[in-house]
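Biologist: I'd like a close look at one part of this model, the surface, with the pairs of charged side chains included. Could you take your time over it and then tell me what lies underneath?

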Amino acid sequence: MHGHDEDISDMDDGDAPAVDMFAALFEARGWACEMSGDDELAAEVKGSWTSYQLRVIAREDDNVVQLLVLPDITVPDNLRASMYEAIGLINEQLWLGHFDLWSSNGMLLMRHGALLGPNGMLGVDQAQMLIDAAIDECERFYPVFQFIIWGDKTPEEAIASALIETHGEA
């Protein structure tokens with residue numbers, strides 16, 4: 001998903017409170033979004049594999065913003081051990097963010113947080129990087145999760161199958 005064609009050139013280069021910056025970026029990309037109070041924003045974006053729920057949560061007291069990306073995957077109880085193993089192997093490969101599995105309901109998510117400066121503001125470039133990095137990783141690893149849930153593969157098999165490097169052009 002990296003390399004978006006969306007035109008954000010008309011966005012202000014200045015900093016803004018994190019939730020406001022994400023709301024402006026979502027609007028510039030044409031993604032419908034909804035505020036949940038002063039410190040939370042929700043949106044949905046269509047990816048190659050599925051639609052992703054995006055949630056931005058700011059903690060102004062700590063100058064922290066967290067981006068959650070939910071790929072609409074619920075892991076059945078009998079596959080959670082395999083999924084935890086796969087998540088561990090995948091997270092070893094990530095530089096930014098991590099995948100997680102909510103123990104209460106089996107929902108899979110990508111969690112990506114950032115510390116903001118002392119003024120608690122976020123720039124458009126950093127907001128774009130946070131979104132693009134999280135969605136790119138969800139797109140990259142989505143097949144792994146599907147191979148485990150629907151393809152009856154082990155975590156190692158699923159990762160090997162999903163991350164085959166293709167050479168040349170089709």
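Biologist: How much area does the protein expose, and what share of it do carbon and sulfur atoms supply?

Modeller: About 9400 Å² is exposed, with carbon and sulfur atoms supplying 48% of that. Keep in mind that this is a predicted model. Its pLDDT averages 87, and 89% of the residues score at least 70.

Let's start with the greasy bit of the outside. Trp95, Leu96 and Met129 make up a nonpolar patch on the surface, and together they have about 410 Å² of accessible area. Trp95 sits in the loop that runs between helix H2 (80-91) and strand E6 (98-101). Its relative accessibility is 84%, so Trp95 counts as exposed.

Now for the charges. Side chains of opposite charge can pair when their charged atoms come close. A search of the whole structure turns up five salt bridges, and three of those are worth walking through here.

One of them joins the side chains of Asp77 and Arg80, at 3.2 Å from N to O. What do the accessibilities say about these two partners? Asp77 has 62% relative accessibility, so it counts as exposed. Arg80, on the other hand, is buried, because its relative accessible area is 15%, under the 20% cut-off.

Another salt bridge brings together the side chains of Arg111 and Asp100, at 3.3 Å from N to O. Arg111 belongs to strand E7 (residues 108-115) and Asp100 to strand E6, so this pair ties together parts that are 11 residues apart in sequence. Asp100 counts as partly exposed because its relative accessibility is 23%.

Then there's Arg140 with Glu137, whose closest N and O atoms are 3.1 Å apart. These two are three residues apart in helix H3, so about one helical turn separates them. Arg140 is partly exposed, with a relative accessible area of 35%, while Glu137 counts as buried at 16% relative accessibility.

Helix H3 is also a good way into the interior. Of the 170 residues in the protein, 44% count as buried. The largest nonpolar core has 49 residues, and the ones with the most contacts inside it are Phe22, Phe26, Leu54, Phe99 and Phe145. Helix H3 (residues 124-149) gives the most to this core, with 13 residues. To get a feel for the packing, pick Leu54: setting aside neighbours within four places in sequence, its contacts include Phe26, Trp31, Leu41, Val45, Leu67, Val69 and Ile135.

Stepping back, the protein has four helices and eight strands, which follow the pattern β-α-β-β-β-β-α-β-β-β-α-α along the sequence. Among contacts in the protein with a separation of 6 or more, 52% are between residues 24 or more positions apart.

One caution before you zoom in anywhere. Confidence is highest in E6, at a mean of 97, and lowest in strand E1 (residues 16-17), at 89. The ends are another story: over residues 1-11 the pLDDT stays under 50, though the model has 20 contacts beyond four places in sequence for them. Residues 166-170 also stay under 50, and for these the model has zero such contacts. Where pLDDT is low, the predicted coordinates should not be read in detail.

Technical notes. Residues are numbered from 1 along each chain as its sequence is written. This is a predicted model: local features need pLDDT of at least 70, side-chain atom pairs count only at pLDDT 80 or more; totals for chains, interfaces and linings use all residues. Side-chain values use heavy atoms; hydrogens and water are left out. Patches are made of residues with over 30% relative accessible area and no salt bridge: like charges are joined within 9 Å, nonpolar side chains (Val, Leu, Ile, Met, Phe, Trp, Tyr) within 5 Å. Accessible areas come from the Shrake-Rupley method with a 1.4 Å probe; for residues, only the protein chains shown count as cover. A salt bridge is a side-chain nitrogen of Lys or Arg within 4 Å of a carboxyl oxygen of Asp or Glu. Buried means under 20% relative accessible area, exposed over 50%, partly exposed in between (1.4 Å probe, protein chains only). A nonpolar core is a set of buried Ala, Val, Leu, Ile, Met, Phe, Trp, Tyr and Cys residues joined through side-chain atoms within 4.5 Å. Contact means heavy atoms within 4.5 Å. pLDDT is the predictor's confidence in each residue, from 0 to 100.
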